[in-house]
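The exercises below are meant for a reader who is meeting this structure for the first time. Please look through the sequence and the model, and try each task before reading its solution.

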Amino acid sequence: MDNYYLGIDVGSVSTNLILIDEDNELVFKRYLRTQGKPIDIIKEGIKELSDEFGAKNILGVGATGSGRYLASIIVGADIVKNEITSHAVAALDYNSEVKTIIEIGGQDSKIIIVRDGIVVDFAMNTVCAAGTGSFLDRQALRLGIDISEFGNKALDSNNDVRIAGRCAVFAESDMIHKQQLGHNQEDIIKGLCSALVRNYLSNVGKGKEITSPILFQGGVAANKGIKASFEEELNNNVIVPKNFDVMGAIGAAILGKKKAKSQGYTNFKGVDLYKNNYGVGSIECSGCSNICEILEIKEDNKVLARYGDKCGKWSL
Amino acid sequence: MKGKIGIPRGMMYYELYPEWEGYFRSLNFDLITSPRTNKEILDIGIFTCVDEACLPVKIFHGHVDYLKDKVDYIFIPKITSLCKGEYNCPKILGLPDMIKHSIGNLPPVIDTEFQSYKRSSIKRAYNEIGKSLECNSSSISKAYRKALDTKDKYIDRLEAEILSNRKDIESTKLNLLILGHPYVIFDEFLNMGILNKLIDNKVNIVFPEDVEEKDVLYYSNLLPKRMFWTEGRRIVGSAFSLIDKQKIDGIIYLSSFGCGLDSVFTYIISRKAKERNIPIMELTLDEQTGEAGFNTRLEAYLDMMKWRNKNENYLSSLR
């Protein structure tokens with residue numbers, strides 16, 4: 001029986017589950033929308049995995065994404081890793097020569113600088129989400145275009161329109177003005193893609209040395225318009241890996257594999273875990289003035305984990 | 001006891017508390033310090049303070065609010081400068097005025113101005129305070145000497161307290177310089193407990209205060225223009241010194257959102273760090289209490305440092 005390793009990336013917009021084999025080849029991939037219900041979506045993903053594959057030999061699990069701790073509690077992960085390291089590991093596995101990784105997700109955008117196969121610098125967007133997927137989502141909705149069509153439209157533009165990209169709110173009013181002037185939709189979309197790229201480069205990529213090979217990954221890499229704008233702006237070729245949308249999960253799986261091998265066992269609870277009932281309860285502790293919000297995760301009636309307190313009195 | 005003096009645990013408290021303690025204790029006043037920052041203090045601070053202020057100033061408002069019904073006076077000196085030709089942040093200068101206009105029903109606020117580099121100014125200020133508290137001249141001058149005799153730096157005490165947690169944890173070779181204002185570095189609630197998170201990760205923490213004063217002076221004088229803020233001289237000078245002497249592996253700068261001083265210092269320091277190939281990460285703190293984004297950056301940074309170090313070891317064994 002072949003050996004497999006599971007990677008889970010619970011992000012703000014999407015939850016991804018992937019399975020790799022011993023050679024890090026992808027054999028299963030699910031890209032699901034998180035929709036604010038991470039536990040249900042993780043269960044759904046595991047169920048789909050079980051339906052398609054049955055009980056395979058899953059020997060290691062890695063979790064990443066902003067919901068990585070939650071995912072780890074639910075499925076039993078061998079390693080819990082931040083998104084930056086996971087993305088870098090997956091990118092290096094895809095192309096060991098990579099020097100720059102551009103990753104744009106739902107709420108985060110990151111740049112990772114790699115030299116000689118190690119991460120030497122990185123940056124993430126600060127409080128502003130103007131250069132991320134949720135911003136694009138919102139603008140596509142406003143223009144009444146499906147997000148999957150959005151990027152292709154930009155490619156049809158001959159003459160891009162300058163859109164203010166520094167702030168999502170200003171970009172929106174600028175777009176409305178340009179629409180009222182009579183610019184066509186393709187040009188406005190192209191302008192928006194360029195604005196997002198400019199924002200990314202001046203905000204996240206500020207002061208970084210961006211040299212090729214450049215990998216572009218994360219959900220937004222599906223957008224051909226953005227990719228084209230990056231290539232124009234950087235005057236360089238930008239590579240979008242085949243599994244750009246689940247690179248974080250792939251990285252987590254690779255790390256999970258390594259960890260499980262070195263410890264000699266896996267914490268994975270098995271694909272049947274989707275049959276369990278998971279409940280979340282929260283209480284506000286009134287023990288002191290910190291008024292911590294304590295979260296409790298239950299599997300059927302067993303408390304799996306409790307966290308959120310500052311003092312450690314509730315932690316489990 | 002003559003009465004209770006409230007000392008809000010924020011801003012200059014982290015540098016000057018022992019001096020104040022020496023002075024007021026000698027005059028036979030009871031000192032009440034607000035507790036460590038907690039969520040209630042933060043919430044009240046955000047509610048009472050003007051919107052544009054930085055988080056430490058908002059938190060300071062919360063501390064004042066906590067104290068206002070429990071004491072007879074609140075001590076919020078206007079500390080204009082600590083060194084000649086250098087000044088404090090405008091928000092420290094305006095702190096007593098901001099507080100008086102934002103928080104109602106305050107007990108009397110002691111808001112005497114200090115130009116702490118001038119002996120005569122310090123003496124005059126303490127005299128004024130003593131007189132307003134109806135103390136006689138001889139006890140005031142005794143208290144004044146007591147204040148100036150207080151040699152120990154409060155920051156050293158705070159550092160020792162935090163570092164005592166790491167006794168049983170063996171530290172690795174990873175030396176990280178933690179930069180920022182003392183009122184950010186030592187307020188564990190404000191900075192989401194970063195020091196303990198670093199200690200748990202076996203990091204050897206280096207503080208700006210660990211650098212000798214003469215090095216701070218020497219290196220800050222290398223700047224083309226004299227530093228306007230005292231706080232900046234220490235932050236930039238200590239960073240330059242440690243970078244130059246290669247005593248640190250990386251830098252984490254804890255900045256407050258909206259801090260004008262930080263925006264200048266981070267830029268100056270990251271340019272220098274980049275020249276010497278020392279990774280610097282700026283973590284901006286604001287009112288958010290969700291720690292996920294903060295932890296992700298911290299974990300990624302530590303991963304990167306470990307990765308880099310491993311690689312260096314690997315290379316050196318080849319040579």
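How many residues of chain A are in contact with how many residues of chain B?

**Exercise 1. Describe the contact between the chains.**

Solution. Bear in mind from the start that this is a predicted model.
- Step 1: counting from both sides, 16 residues of chain A are in contact with 15 residues of chain B.
- Step 2: two elements of chain A, helix 3 and strand 8 (118-124), each give two or more residues to the side that touches chain B.
- Step 3: of the elements on this side, strand 8 of chain A gives the most, with 6 residues.
- Step 4: sorted by class, the side of chain A that touches chain B holds 8 nonpolar, 6 polar and 2 charged residues.

**Exercise 2. Decide whether helix 3 of chain A is largely enclosed or largely open, and check its span.**

Solution.
- Step 1: helix 3 of chain A covers residues 83-94, which makes 12 residues, and from its first C-alpha to its last it reaches 16 Å, close to the 16 Å expected at 1.5 Å a residue.
- Step 2: a residue is buried if 20 or more other C-beta atoms lie within 10 Å of its own, and among the residues of helix 3 that are buried are E83(A), H87(A) and Y94(A).
- Step 3: because 10 of the 12 residues of helix 3 of chain A are buried, the helix is largely enclosed by the rest of the structure.

**Exercise 3. Work out how chain A is built as a whole.**

Solution.
- Step 1: the secondary structure of chain A amounts to 9 helices and 13 strands.
- Step 2: the radius of gyration of chain A is 21 Å, close to the 20 Å that the globule rule gives for 316 residues, and therefore chain A is as compact as a globular protein of that length.
- Step 3: along the principal axes, the C-alpha atoms of chain A fill a box of roughly 60 × 50 × 35 Å, while buried residues make up 47% of the chain.
- Step 4: chain A is divided into domain 1 (3-87 + 248-275), domain 2 (96-240) and domain 3 (278-307).
- Step 5: the C-alpha centres of domain 1 and domain 2 of chain A lie 28 Å apart, and the contact takes 6 residues from domain 1 and 12 residues from domain 2.
- Step 6: on the side of domain 1 of chain A that touches domain 2, the residues divide into 2 nonpolar, 4 polar and no charged.

**Exercise 4. Place E40(B) and K202(B), and give the exposure of each.**

Solution.
- Step 1: E40(B) is found in helix 2 (residues 39-48) of chain B, whereas K202(B) sits in the loop between helix 10 (194-200) and strand 8 (204-206) of chain B.
- Step 2: E40(B) has 16 C-beta neighbours inside 10 Å and so counts as partly exposed; K202(B), with 15 other C-beta atoms within 10 Å, is partly exposed.
- Step 3: beyond its neighbours within four places in sequence, E40(B) is in contact with S289(A) and I291(A).

**Exercise 5. Find where chain B should be read with caution.**

Solution.
- Step 1: chain B averages a pLDDT of 88, and 94% of the residues score at least 70.
- Step 2: over residues 313-319 of chain B, pLDDT stays under 50, and the model has 0 contacts beyond four places in sequence for these residues.
- Step 3: where pLDDT is low, predicted coordinates should not be read in detail.

How values were computed:
Residues are numbered from 1 along each chain as its sequence is written. Chains are lettered from A and ligands numbered from 1 in the order in which they are written. This is a predicted model: local features need pLDDT of at least 70, side-chain atom pairs count only at pLDDT 80 or more; totals for chains, interfaces and linings use all residues. Helices (H or I, at least four residues) and strands (E, at least two) are DSSP runs, numbered from the N terminus. The expected span of a helix is 1.5 Å times one less than its number of residues. Domain bounds come from an automatic or database domain assignment. Two residues are in contact if their C-beta atoms, placed from the backbone, lie within 7 Å. Ala, Val, Leu, Ile, Met, Phe, Trp, Tyr, Cys and Pro count as nonpolar, Asp, Glu, Lys and Arg as charged, and the others, Gly among them, as polar. The radius of gyration is taken over C-alpha atoms; the globule rule is 2.2 Å times the number of residues to the power 0.38. pLDDT is the predictor's confidence in each residue, from 0 to 100.
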